[in-house]
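The following report describes a two-chain protein model, beginning with the contact between the chains and then turning to salt bridges and to each chain in turn.

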Amino acid sequence: MMGTSAARATTQEWGASLDLRRILLVEDNPGDADLARERLAEADSPAFDVCHAMTLAAAIESLAERPSDAIILDLGLPDSRGIETVSRLKVASRDIPIIVVSGYVDENLRALAIAEGAEDVFTKDESNSRLFWRSVLQIIEHRRVQHRQLQTLLDATPDAILVVDRLATIRYVNRAALVLFERSREELLGDQLDLAMSSGELTEIVVPRADGECVCEMHVVPLQAWHDDSTSLVVIRDITERKQAEALRAHSMELAAQNRQIMEASRLKSQFLSNISHELRTPLNAIIGFSNVLHDGMVDSSSPKYKEFLGYIVSGGRHLLQLINNLLDLAAIEAGKIKFSPESVDLPALMHDVVAVLGALSMEKHIDVEVDADPALARVYLDPGRLKQVMYNYLSNALKFTPEGGSVAIRTRIMSDALFRLEVADTGPGIEQDHIAQLFSEFYQIESGTAKSNQGTGLGLALTRHLVEAQGGSVGVSSVRGEGSVFFAVLPRMATGGEVAT
Amino acid sequence: MTVLVVDDQPANRALMEYLLQRLGHRARAVEDAQSALAAIAQEKPYLILMDVQLPGIDGLELTRRIKGNAATEDIIIVAVTSYAMSGDRECALAAGCDGYLAKPIDMASFSSTVTEFYAKRQRADTIGRECP
């Protein structure tokens, strides 16, 4: 389709003038004009179609009305004389070859005329010869070949090329433009180019087409040498494929990133499962192992060993239960199913409760536990069970890691009308900066030579974080190696709503 | 001919010590890699029951160190670990362990593994003495 329509357009452009050579003869002397016509009639080459103008004004008018292939110009006209005539006519004739004829020709005139844009210069006598007309013919043919070459070149480029005047009227289109706009040359020429043009820079435009949209890059170049200063060359390049490739590349990068995220999530899940398996098997080893041993009846039920072994079974069972409870809480939080039942809570009383629950451990390790409640903060409106859980997790951790004879403090402070801070400070070994970021992640336990007997589920701090965040709070820790750590939770003083489901 | 138990959990140490004694072995138990190396230097065991998750240097790294030392490379090491997912056995064997037992310990497997390695060691020692 593209081939035929474009080829037809080209033929039409040039076809009208294939046989006739349209000559504009600008000559004020009727005698000379008649002579010229006679010579032309004698010419054996293809027919000339001559239009005669007596004045420069008439010549310019004629040019505007009908196309010419060449202009034969007498320099002595009533309204213009001398070399200026060439330059005046050149403005109107644009690229039509001008052949100058003059009564007297010297090298100076020839040079001046050619400098002004004349194609060649002949004397009146010369113009009466058959040779003169052969020269005219050659000039026309030469110009046609040049045009055809330029046309071939422009039609061969994949970019759409148009020439538009200052009113955006299309003056020229190449073959690619016909294909791009899906219109014939006749339809396009003389029509307005309906595109916002800003000269000099590349603009992205969308050309609507029968088979969808075509994304293009448009480059507008002012053409000073063409008709007038406001004529522009418009080059439009179809970049749809490039755009599609870019979009595909962006999409594939996005997919790759998603894939990495999925892989990472999958890896974390496997890691989580592996950790759960490990954590469940550890207390089960003691429970099953010692149950087997006692079941075999080889240990005397009155011996101290019997009691010791039973103790391992009991603590293993408790540890397992704590682990399962923590896991269930975590699962509930992750599924968004945990329910908070806020009520008015006597904060200092709750702190003392938790300290009392862990009294055995603090007494055993001779750790002094200070309860430091903000006197201005007697009551908060929160779920007491969950608040107790947070306090318990922090306090039991602090007692676990603080060496014998150390001290631990549980504190509350008002932060604002809306928030308060709960913190537990210890005189434990402190935490390396590297570990702090992961401290509140599931199953993260700090390996420490001095903390070997600190059995934990590795879920306490993760659970604490989830519980606090689910109530709109945040957790954190500050620690100095060798001096101790302060674990804190910032919580709302008043839970929003009655029952908060997260 | 002693057996060394390396495990950070007191209950696990007590359990394995008891089971080994019941099988007629002399057993010692330590809680981390440092104590294990010290115990080996003091009295070289023929068998180590090695937990994998230990504070500081873990059981697999400790195994590599023992197997990488000419003076201790002949010690039989059996991993006894709660890491019982697919691939964990392969990891233990790749680190140089001669055997692998998953926790919770199966009493029968524990007895047969220890007895088997003991017999193997005795045979090797006998051959070693006959052909110096």
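## The interface between the chains

Between chain B and chain A, five residue pairs are in polar contact, with both residues at pLDDT 80 or more; a polar contact is a pair of N or O atoms within 3.5 Å, where within protein one must be able to donate a hydrogen and the other to accept it, and residues adjacent in sequence count only if both atoms are side-chain atoms. On the side of chain B that touches chain A, helix α1 (residues 10-22) of chain B gives the most, with eight residues. Helices (H or I, at least four residues) and strands (E, at least two) are DSSP runs, numbered from the N terminus. That side of chain B divides into 14 nonpolar, five polar and five charged residues. Here Ala, Val, Leu, Ile, Met, Phe, Trp, Tyr, Cys and Pro count as nonpolar, Asp, Glu, Lys and Arg as charged, and the others, Gly among them, as polar.

The model is predicted: local features need pLDDT of at least 70 and side-chain atom pairs count only at pLDDT 80 or more, whereas totals for chains, interfaces and linings use all residues. Residues are numbered from 1 along each chain as its sequence is written, chains are lettered from A and ligands numbered from 1 in the order in which they are written, and side-chain values use heavy atoms, with hydrogens and water left out.

In terms of contact (heavy atoms within 4.5 Å), 24 residues of chain B meet 26 residues of chain A. The two chains bury about 2,300 Å² between them, and 61% of this area is on carbon and sulfur atoms. In chain B, the residues that lose the most area to chain A are B:Y18, B:S82 and B:P104, which together account for 23% of what that side buries. Buried area is the accessible area (1.4 Å probe) that two parts lose on being put together, summed over both.

The rule finds one salt bridge across this interface, a salt bridge being a side-chain nitrogen of Lys or Arg within 4 Å of a carboxyl oxygen of Asp or Glu. The partners are A:D296 and B:R22, with 3.2 Å between the closest N and O atoms.

## Salt bridges within the chains

Over all chains, the whole structure holds 37 salt bridges. Side chains of opposite charge can pair when their charged atoms come close. The table gives three pairs that lie within a chain.

| Residue | Partner | Closest N to O distance |
|---|---|---|
| A:R209 | A:D211 | 3.3 Å |
| A:R421 | A:E423 | 2.7 Å |
| B:D51 | B:K103 | 3.3 Å |

The exposure of these residues is classed by relative accessible area: buried means under 20%, exposed over 50%, and partly exposed in between (1.4 Å probe, protein chains only). A:R209 is partly exposed at 23%, whereas A:D211 is exposed at 62%. In the second pair, A:R421 is partly exposed at 23% and A:E423 is buried at 12%.

In the pair from chain B, B:D51 lies in the loop between β3 (47-50) and α3 (59-67), and B:K103 in the loop between β5 (99-102) and α5 (107-130), so the salt bridge ties together parts of chain B that are 52 residues apart in sequence. B:D51 is buried, with 4% relative accessibility, and B:K103 is buried with 1%. In chain A, salt bridges that share partners join A:E204, A:E217, A:R242, A:K243 and A:E246 into one network.

## Chain A

Chain A contains 15 helices and 21 strands. Of its 502 residues, 44% are buried. Among its contacts between residues at least 6 apart in sequence, 64% join residues at least 24 apart. The accessible surface of chain A comes to about 26,500 Å², with 55% belonging to carbon and sulfur atoms; accessible areas come from the Shrake-Rupley method with a 1.4 Å probe, and for residues only the protein chains shown count as cover.

Helix α6 (residues 130-156) of chain A includes A:R143, which is buried at 16% relative accessibility. The side chain of A:R143 makes a polar contact with that of A:E119 at 3.0 Å. Leaving aside residues up to four places away in sequence, A:R143 touches A:D95, A:I96, A:P97 and A:E119.

## Chain B

Chain B has five helices and five strands, and from the N terminus on its elements run β-α-β-α-β-α-β-α-β-α. Of its 132 residues, 50% count as buried. Contacts joining residues at least 24 apart make up 60% of those in chain B between residues at least 6 apart in sequence. Chain B exposes about 5,900 Å², of which carbon and sulfur atoms supply 51%.
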